[in-house]
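Open the model in your viewer and keep the selection tool at hand. The tour below goes from one selection to the next and says what is there.

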Amino acid sequence: MKSTPPANLAWLNLPNLPWSLKALFTGYLLVIGVGLCMAGLQIMLTHGMADGKIGLSKNDIVYSYYGDRTHSKLESKLNGSMKANAPDAVREDIIQWVRKGAPKEAWDAHYKDVFAQHCVVCHSALPGIPNFKNFEEVQKVAATSEGATIQSLTRVSHIHLFGISFIFFFIGFIFSFAVNVPKTLKIIAIAFPFAFLIIDILSWWLTKLSPNFAWLTIIGGIGYSLASTYMWFVSMYQMYILSRNGKVYGNAWEQDL
């Protein structure tokens, strides 16, 4: 026998949601959960290797945004995220050439062929990265590294602000149906990811000016990760564990008034 939802929306909470809504919320949370794990892995494999060592550190953030102003971007990449793409002897050969100022005559005589063999498979076909068939492009990244450019920071900042805010909005929306969570804690958990996202993005620009702000990037990332993880687990727990006791919890939004 089908039951009719009560007029006071007593079913409007995570434990008592209809199965169609639980399926919708669960599908979103699972996909976003895997996506956030992949994003973390991608950060570890790119920014996390900026200093040539495994794991994300303050130096990785500094090298990515402020730059390693004692070395070129090309050298930093060859010792970091691009380390596995060429034999050690080849990398050392290129680095020594870069430290000598990347002279054009040596490019024509030797390094043009070296780059053709080890680099241009990607650095000529993929958009958004330097074309290493052209000496001028190589020369740019062989100059002293000053980190991310204003253009790249602007592009990545607006993508992250628009894209990630939608993720946090829907995670927060689902979590807003949680019960037995103190009102203040619920509000803080929903608001924190947005606040820490702004701190994270702002820290990129501040670190571009001074390496002392690099810690803000780590704080921002940890902050919104913890808040999102908390909401994710509470939502899944209430939909599939707490719901098994058969209790009707009432309208979650009405309880927050």
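Which residues of helix 2 (residues 58-66) are buried? Select D60, I61, V62, S64 and Y65, for these are the buried residues of helix 2, where buried means under 20% relative accessible area, exposed over 50% and partly exposed in between, with a 1.4 Å probe and protein chains only. Before going on, note that this is a predicted model, in which local features need pLDDT of at least 70 and side-chain atom pairs count only at pLDDT 80 or more, while totals for chains, interfaces and linings use all residues. Residues are numbered from 1 along each chain as its sequence is written, and side-chain values use heavy atoms, with hydrogens and water left out. The helices (H or I, at least four residues) are DSSP runs numbered from the N terminus, as are strands (E, at least two).

Now add the neighbours to your selection: the buried residues of helix 2 pack against helix 7 (150-175), helix 8 and helix 9, with contact meaning heavy atoms within 4.5 Å. Just after helix 2 comes G67, whose phi is positive, near 100°.

**Helix 2 and helix 9**

Show these two helices together. Their axes come within 8 Å and cross at roughly 115°, the axes being lines fitted to C-alpha atoms, for helices over the stretch in contact, with angles that run from 0 to 180 degrees between N-to-C directions. Helix 2 and helix 9 are therefore roughly perpendicular to each other, since angles of 65 to 115 degrees count as roughly perpendicular, under 35 as roughly parallel, over 145 as roughly antiparallel and the rest as oblique. To see the contact, select K58, I61 and V62 of helix 2 along with A214, W215, T217 and I218 of helix 9.

**T217**

Stay in helix 9 and pick T217, which is buried, with a relative accessible area of 9%. Leaving aside residues up to four places away in sequence, T217 touches I61, D200, S203, W204 and T207. With S203, the side chain of T217 makes a polar contact of 2.6 Å; such a contact is a pair of N or O atoms within 3.5 Å, and within protein one must be able to donate a hydrogen and the other to accept it, while residues adjacent in sequence count only if both atoms are side-chain atoms.

**Helix 8 and its partners**

Next, select helix 8 (residues 183-209) and helix 9 (residues 214-240), whose axes come within 7 Å and cross at roughly 155°. That makes helix 8 roughly antiparallel to helix 9. Then bring helix 7 into view with helix 8: here the axes come within 10 Å and cross at roughly 175°, which makes helix 7 roughly antiparallel to helix 8.

**Two loops and a short stop**

In the loop between helix 7 and helix 8, select N180, whose phi is near 60°, a positive value in a residue other than glycine. N180 is exposed, with a relative accessible area of 61%. Another such residue is A102, with phi near 50°, in the loop between helix 4 (88-99) and helix 5 (104-118); A102 is buried, with a relative accessible area of 3%.

Finish at A252 in helix 10 (residues 252-255), a buried residue with a relative accessible area of 1%. Measuring C-alpha to C-alpha, A252 and L14 are 8.3 Å apart in space, although 238 residues apart in sequence.
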